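Reader: I am new to this structure and would like to go through it slowly, with each term explained when it comes up. Could we begin once it is in view?

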Amino acid sequence: MGKLDFIKEELSRLKETGLYNNIRTIESPQGAWIKVDGKRVLNMCSNNYLGFANDPRLLESARKVLGEFGVGPAAVRSIAGTMSLHNQLEKKLAEFKEVEATLSFQSGFVANQAVIPAIADSADDAIITDELNHASIIDGVRLSKAKRYIYAHNNANDLKSRLEEAKEARRKLIITDGVFSMDGDIASLPEICEAAEKYEALVMVDDAHGEGVLGKNGRGIVDHFHIHGRVDIEIGTLSKAFGVVGGFVAGKAGLVEFLKQKARPFLFSSAATPPDIAACIAAVDILSSTEEPVKKLWENSRYFKNKMKELGFDTGVSQTPITPVMLGEASAAQEFSRKLFENNVFAMAIGFPTVPKGKARIRVMISAAHSKEDLDTALDAFTKVGKELGCLSAKYIY
Ligand SMILES: *Cc1c(COP(=O)(O)O)cnc(C)c1O
């Protein structure tokens with residue numbers, strides 16, 4: 001036995017069970033149509049909700065800043081000083097989000113690693129977390145010494161039972177995704193806040209799929225529910241609707257001041273690059289001035305989802321532009337995705353461990369960059385492949 005044999009074995013096991021992830025290569029900017037593995041295909045799987053990833057205004061802002069600030073920050077902000085550019089983004093984001101302050105991170109994933117262990121840093125603390133929370137929350141929780149309590153997905157009653165169990169804890173931190181990334185359902189945040197208020201728990205929401213999507217002009221889930229001031233910690237990403245890469249936390253000025261002293265990815269890892277930050281500033285400026293892209297995104301989503309339902313596809317419990325097409329076994333979803341690609345539609349299959357076994361799906365991501373013709377092209381391809389594979393007549397049992 002070679003000492004690396006376990007790698008080979010694990011890889012062949014993944015291939016046999018249809019769980020091996022073939023990563024395709026993109027040779028163009030993001031947009032409605034992209035070049036993938038040498039072929040021009042309709043893009044139905046990126047998180048480029050508003051089409052900002054290749055928006056000329058973001059590109060121009062990124063280009064302009066190169067002359068003023070160069071390409072890299074060359075340091076950790078707390079050690080060698082922070083660029084005025086990062087401060088500018090954080091101020092603009094705070095105004096946009098209608099909070100006192102924000103702090104940017106290198107990614108949304110990192111933002112969770114930064115915030116969770118800083119807030120819940122003792123075995124006397126408790127973290128109460130939704131069972132379907134994103135991997136970056138799960139890993140953030142693993143970095144904390146706090147005791148963990150997992151509540152049934154989006155179930156406020158179960159949350160209350162866990163809060164009751166945890167009521168002796170020093171600090172209690174409830175964490176939920178805002179929009180659940182695999183199913184597209186929205187957390188019942190007002191009920192969660194109510195439970196939190198009763199037990200004096202902190203509420204943290206990771207709004208990665210809600211930023212730029214939910215609320216007025218894409219201000220996110222707190223604005224969507226009109227519960228400003230009741231959520232203590234908001235995590236956002238700049239890598240999805242904002243079209244760039246990065247993450248942030250939004251909340252009270254004191255929270256941000258605390259994180260600048262305590263959050264390890266802020267203290268020990270370099271900041272995002274000037275072009276990234278400049279492009280994000282342009283994205284915030286656009287969203288602050290017009291609701292057009294967000295409106296277009298929702299029009300497209302409604303159109304596509306209604307048509308898919310009419311065709312007989314099961315799109316699950318989605319309330320957002322995330323449109324899962326439920327197909328059962330991972331191998332069925334992979335076959336479906338392959339056939340779509342043959343028909344020039346790029347939509348990836350998602351299986352275990354990202355979603356539970358037997359709940360594999362194609363996850364269609366709608367964008368404001370899609371035209372109505374693009375959506376019709378996708379619908380035609382889904383119809384054709386669905387008939388070929390017998391998914392439109394057969395009932396799936398998960
Ligand atoms: C995508 C996502 C992240 C990660 O964001 P990045 O900026 O890509 O690191 C974090 N949390 C949730 C809920 C997400 O959906």
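Author: A salt bridge is a side-chain nitrogen of Lys or Arg within 4 Å of a carboxyl oxygen of Asp or Glu. This is a predicted model, in which local features need pLDDT of at least 70 and side-chain atom pairs count only at pLDDT 80 or more, while totals for chains, interfaces and linings use all residues. Residues are numbered from 1 along each chain as its sequence is written, and side-chain values use heavy atoms, with hydrogens and water left out.

Reader: With which residue does Glu197 form a salt bridge, and how many residues apart are the two?

Author: Side chains of opposite charge can pair when their charged atoms come close. For Glu197 the closest N and O atoms of the salt bridge are 2.9 Å apart, and its partner is Arg230. The pair links distant parts of the chain, since Glu197 is in helix 8 (residues 189-199) and Arg230 in the loop between helix 9 (221-225) and strand 8; helices (H or I, at least four residues) and strands (E, at least two) are DSSP runs, numbered from the N terminus. The partner is Arg230, and the separation along the chain is 33 residues.

Reader: Are Arg142 and Asp139, which form a salt bridge, buried or exposed?

Author: Buried means under 20% relative accessible area, exposed over 50%, and partly exposed in between (1.4 Å probe, protein chains only). The closest N and O atoms of this pair are 3.1 Å apart, and because the two residues are three apart in helix 6 (residues 135-142), about one helical turn separates them. Asp139 has a relative accessible area of 26% and is therefore partly exposed, whereas Arg142, at 57%, is exposed.

Reader: In which helix do Lys372 and Asp376 both lie?

Author: Lys372 and Asp376 form a salt bridge, with the closest N and O atoms 3.5 Å apart. Lys372 is partly exposed at 46% relative accessibility, and Asp376 is partly exposed at 26%. They are four residues apart, about one turn of the helix, and that helix is helix 15 (residues 372-388).

Reader: How many salt bridges does a search of the whole structure find?

Author: Besides the pairs, there is a network of salt bridges that links Asp121, Asp125, Arg170 and Arg171. The search of the whole structure gives a number of salt bridges equal to 22.

Reader: Which side chain does Glu234 join in a polar contact?

Author: Glu234 belongs to strand 8 (residues 233-237), and because its relative accessibility is 4%, it counts as buried. A polar contact is a pair of N or O atoms within 3.5 Å; within protein, one must be able to donate a hydrogen and the other to accept it, and residues adjacent in sequence count only if both atoms are side-chain atoms. At 2.8 Å, the side chain of Glu234 is joined to that of Lys97.

Reader: How much of the accessible area of the ligand does the protein cover?

Author: Of the 14 residues around the ligand, where near means that a heavy atom lies within 4 Å, those that come nearest are Gly108, Asp206, Thr237, Ser239 and Lys240. An oxygen atom of the ligand is 3.4 Å from an N or O atom in the side chain of Ser107, and an oxygen atom of the ligand is 3.3 Å from such an atom in the side chain of His209. On its own the ligand has 390 Å² of accessible area (Shrake-Rupley method, 1.4 Å probe; for residues, only the protein chains shown count as cover), and the share covered by the protein is 86%.

Reader: Which peptide bond is cis, and which residues have a positive phi although they are not glycine?

Author: Most residues other than glycine have a negative phi, and most peptide bonds are trans. The cis bond, with omega near 5°, runs from Phe352 to Pro353, and Pro353 is in the loop between strand 12 (349-350) and strand 13 (360-365). Ala74 is in the loop between helix 2 (56-69) and helix 3 (77-80), and Glu98 is in the loop between helix 4 (84-97) and strand 3 (101-105). A positive phi of about 60° is found at Ala74 and a positive phi of about 60° also at Glu98.
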